[in-house]
Amino acid sequence: MTGAALAATLFAPEDLRLVACDPGPLAPGMVRVRFGAGGICGSDLHYFRHARTGDFVVRSPLILGHEVAGDIVEIAGEAPGLSVGDRVAVNPSRWCGHCVYCRADRPNLCENIYFMGSASKTPHMQGGFADHFDAIPAQCVKVPAATPYAAAALAEPLAVCLHAVTRAGDIRDRNAVVFGAGPIGLLTMQAAKLKGCAAVTMVDIAPAPLAFAGELGADRVVNVGDGSDELADAAAERLFDVAFEVTGSPAGLASAISAVRRGGVLVQVGNLPGGQIPAPANAVMAKELDFRGSFRFGREFYDAVSLIVDGAVDVTRLVTAQFPLSSAEAAFRLALDRSKSVKVVLSRD
């Protein structure tokens, strides 16, 4: 049994409070997880600043957080392979398992999906930035006790990037360009290299994230915030076969459309505000691009956990600051400053 839990709860734009909530008795078929660590995602920041992300609007108090890991402290019913005390990475997606998309092995498109810390449904599904939170056993993937909580929590963004690279098709020996050198862009770069991409160019408007991208192995970095023609020059030299647009901005998408070669592939990973497509999207037709969306992830979550546990991807290199859960607001404000942070993580008090 657990007592009242403190949870980082959003009430309105930039109104994030640590409030007490009583999780109550654990429902049958559920497990209760004690919070270990959680990464602050770009969508969390959109919620924090605007009380919405894309078309998902916060209509009632929302506990944020979907990149989370912790320890199982209680189990109600059957939970094959899980025991109290297990350290787990938590998949924030709760798929129904029986709709047409789940049966077609595309669970990220599930008609009945609930996603932790998201306002996509009403009532909202509460997130994991809380002392304790509940999940179904299928959401919990056991990891070795030696796996840092922060590493296990970042399986979620890595899964997003693995799915994006899968959506691009066979990229072996291809040249890729990634627009946006935040955590998702950086992990997309690493995922592309794991899939045999020949070279990855990172594009951003800020020098600090680009410098870090170079440290992580980018073959070239391009700053489009200085007004130079370097991106056009890079596109002419490398003939980008595939572009990943991660910024979620119309300007980023327009640049991606311009940079990718004729007949190439463009994968949209970030949420465009209001679902708007910029005018240059006409070039998708003229260049006969394969324009593909990439929404969250499916089975890639389990691949991401394996890659982290095996040491194939060191996601903790992205972590620039850790705050206790009780200092969630300060953590969010630091995460908004791209010049000072890459990935900010909350941890157990």
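**Salt bridges, strands and a few unusual backbone spots**

Let me begin with one residue, E237, which is exposed, with a relative accessible area of 58%. Please keep in mind throughout that what we have in front of us is a predicted model, so every value I quote is a computed one.

Where does the side chain of E237 find a salt-bridge partner? The partner is R220, and the N to O distance between the two side chains is 2.7 Å. R220 belongs to strand β15, residues 220-223, whereas E237 sits in helix α7, residues 230-238, and the pair therefore links parts of the chain that are 17 residues apart.

As general background, side chains of opposite charge can pair when their charged atoms come close. In this model the count of salt bridges comes to 17, and I would like to take two further examples from that set.

In one of them, the side chains of D86 and K142 meet with an N to O distance of 3.5 Å. D86 lies in the loop between β7 (67-75) and β8 (87-90), while K142 lies in strand β12 (residues 140-143), so this contact ties together parts that are 56 residues apart in sequence. Is D86 buried or exposed? D86 counts as buried, because its relative accessibility is 10% and the cut-off for buried is under 20%.

In the other, R299 and D105 form a salt bridge at 3.3 Å, again N to O. Here R299 is found in the loop between β18 (290-293) and α10 (300-310), and D105 in the loop between α2 (100-103) and β10 (114-115), so the two residues tie together parts that are 194 residues apart in sequence. Both ends count as partly exposed, R299 with a relative accessible area of 42% and D105 at 49%.

Staying with the loop between α2 and β10, this is also where L109 is found. L109 is partly exposed, with a relative accessible area of 31%, and together with V100, Y101 and F295 it forms a nonpolar patch on the surface, whose combined accessible area is about 310 Å².

Let me turn now to the strands, and recall that strands of a sheet pair through backbone hydrogen bonds, either parallel or antiparallel. One open sheet has 3 strands in the order β2-β1-β6, with antiparallel pairing. Its edge strands are β2 (15-21) and β6 (62-63), each of which pairs on one side only. Between strand β1 (residues 5-12) and β6 there are 2 bridges in the antiparallel sense, and at this pairing L10 stands opposite L62 in β6.

A parallel case is found between strand β19 (residues 319-324) and strand β20 (residues 343-347), which are joined by 5 bridges. Which residue of β20 is the bridge partner of Q322? That partner is V345. To get from β19 to β20 the chain passes through helix α11 (residues 328-335), and this β-α-β crossover is right-handed.

Next, the backbone itself, where the general expectation is that most residues other than glycine have a negative phi, and that most peptide bonds are trans. E14, which is found in the loop between β1 and β2, has a positive phi of about 60° although it is not a glycine. E14 is partly exposed, with a relative accessible area of 39%. L239 likewise has a positive phi, of about 50°, without being a glycine, and its place is in the loop between α7 and β16 (242-245). There is also a cis peptide bond, with omega about 0°, which joins T122 and P123; P123 is found in the loop between β10 and β11 (132-135).

I will finish with the cysteines. How many disulfides does a search of the whole structure find? The search finds 0. For C21, the closest cysteine sulfur is that of C140, and at 17 Å it is too far for a bond, given that a disulfide requires two sulfur atoms within 2.5 Å. C161 is in no disulfide either, since the nearest cysteine sulfur, that of C41, is 9.7 Å away and the cut-off is again 2.5 Å. The surroundings of these two cysteines can be stated as well: C21 is partly exposed, with a relative accessible area of 25%, whereas C161 counts as buried at 0% relative accessibility.

Notes:
Residues numbered from 1 in each chain as written. Predicted model: local features only at pLDDT ≥ 70, side-chain atom pairs only at ≥ 80, totals over all residues. Heavy atoms only, no water. Buried < 20%, exposed > 50% of the residue type's maximum accessible area, 1.4 Å probe, protein only. Pairing = 2+ DSSP bridges. Helix = DSSP H or I, 4+ residues; strand = E, 2+ residues; numbered from the N terminus. Right-handed = clockwise from strand over helix to strand, strands pointing away. Salt bridge = Lys/Arg side-chain N within 4 Å of Asp/Glu carboxyl O. Patch = residues over 30% accessible without salt bridge, like charges linked within 9 Å, V, L, I, M, F, W, Y side chains within 5 Å. Areas by Shrake-Rupley, 256 points an atom, 1.4 Å probe, with all protein chains shown as cover.
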